[in-house]
Amino acid sequence: MGTLSFAPILPTKPRPSVFEQNKSPFVSRRRSKKKNLPIVPVARLFGPAIFEASKLKVLFLGVDEKKHPGKLPRTYTLTHSDITSKLTLAISQTINNSQLQGWANKLYRDEVVAEWKKVKGKMSLHVHCHISGGHFLLDLCARLRYFIFCKELPVVLKAFVHGDGNLLKNYPELQEALVWVYFHSNIPEFNKVECWGPLVEAGSQQGGKKQEILASNWELPHPCPDNCDCCFPPMSLIPWSQELPHQN
């Protein structure tokens, strides 16, 4: 019969020291934080497409609620805060530039600005969105930014209607004014103008309905070349590129 022999089993790799064991979790935690950092932080546009009046802060800066926008300039400046998750709407005679300062606003460019116009006697609301141009991160996300702006625009329009509710109560005909949306981009595909229909409908439309509205035969209104009483204000109040995007 054979005999049993007992040989000591030695580990192929030495056991790590207590210091090494305590050290490794800290390294893995640091790496996990780096993995969670956003690679391109430029697609943050207003969050969920649901309007909440409690999260809207309205500022009236030198405007009169009783004055018709066809007689007194009226603009909207809408921005979003990641810290408070609230929207800030400034209603003033010119764009509220102080609201657009800071590195975050210049990086993300997620503001929306708008102005009321009277062109040949008809009122219309002209909304401007910055898609790309300015720095390469915006250019990389141009398609995504265009999609998100289109998705969030009904929320933006609801914020305009809710924040300036007294004006629309005094002049209910403004609810039927056409909404023209200007997408500003250095990429021709996204540099365009779209008509979203009457204000009362544009704020509640869905993606499918947008296609029906864009198929309509509305033409972008152009002011008279000479001084007149049927067009106001005589010049655009939006200090963005004066190169007009092509109409879609």
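This report walks through the fold, the cysteines, an internal cavity and one buried glycine of the protein chain shown above.

**The chain as a whole**

Please keep in mind that the model is predicted. Within the protein chain you will find 7 helices and 8 strands. Of its 248 residues, 43% are buried. Much of the contact pattern links distant parts of the sequence: among contacts with a separation of 6 or more, 67% join residues 24 or more positions apart. On the outside, the accessible surface comes to about 15,200 Å², and carbon and sulfur atoms hold 57% of that.

**The cysteines**

How many disulfides are there? The count comes to 0 disulfides. For Cys150, the nearest cysteine sulfur belongs to Cys129 and is 8.0 Å away. A pair would need its sulfur atoms within 2.5 Å to be counted, so a disulfide is ruled out for Cys150 at that distance. As a reminder, a disulfide is a covalent bond between the sulfur atoms of two cysteines.

Is Cys150 buried or exposed? Cys150 is buried, because its relative accessible area of 13% falls under the 20% limit. Cys141 also counts as buried, because its relative accessibility of 11% is under 20%. The table sets these two cysteines beside a glycine that is taken up further below.

| Residue | Relative accessible area | State |
|---|---|---|
| Cys141 | 11% | buried |
| Cys150 | 13% | buried |
| Gly163 | 11% | buried |

**A cavity inside**

The structure holds 1 cavity of 30 Å³ or more. The space in the largest cavity is about 30 Å³. Which residues line the largest cavity? Its lining is made of Tyr76, Trp116, Leu125, Phe160, Val161, Asp164, Leu168 and Leu199. Sorted by class, that lining has 7 nonpolar residues, no polar ones and 1 charged residue. The charged one is Asp164, because Asp is among the residue types counted as charged.

**Gly163 and its surroundings**

Gly163 lies in helix α4, which covers residues 142-163. Why does Gly163 count as buried? Its relative accessible area is 11%, and the limit for buried is under 20%, so Gly163 qualifies.

What does Gly163 touch, leaving aside residues up to four places away in sequence? Its contacts there are Leu56, Val58, Phe60, Leu89 and Ile91. One of these, Phe60, is 103 residues from Gly163 in sequence, yet the two lie 9.5 Å apart in space, C-alpha to C-alpha.

Technical notes: Residues numbered from 1 in each chain as written. Predicted model: local features only at pLDDT ≥ 70, side-chain atom pairs only at ≥ 80, totals over all residues. Heavy atoms only, no water. Helix = DSSP H or I, 4+ residues; strand = E, 2+ residues; numbered from the N terminus. Buried < 20%, exposed > 50% of the residue type's maximum accessible area, 1.4 Å probe, protein only. Contact = heavy atoms within 4.5 Å. Areas by Shrake-Rupley, 256 points an atom, 1.4 Å probe, with all protein chains shown as cover. 1 Å grid on protein atoms, 1.4 Å probe; cavity = no way out; pocket = protein on both sides within 12 Å on 5 of 7 lines; lining within 4 Å. Points joined across faces, edges and corners; volume = space filled by probe spheres on them.
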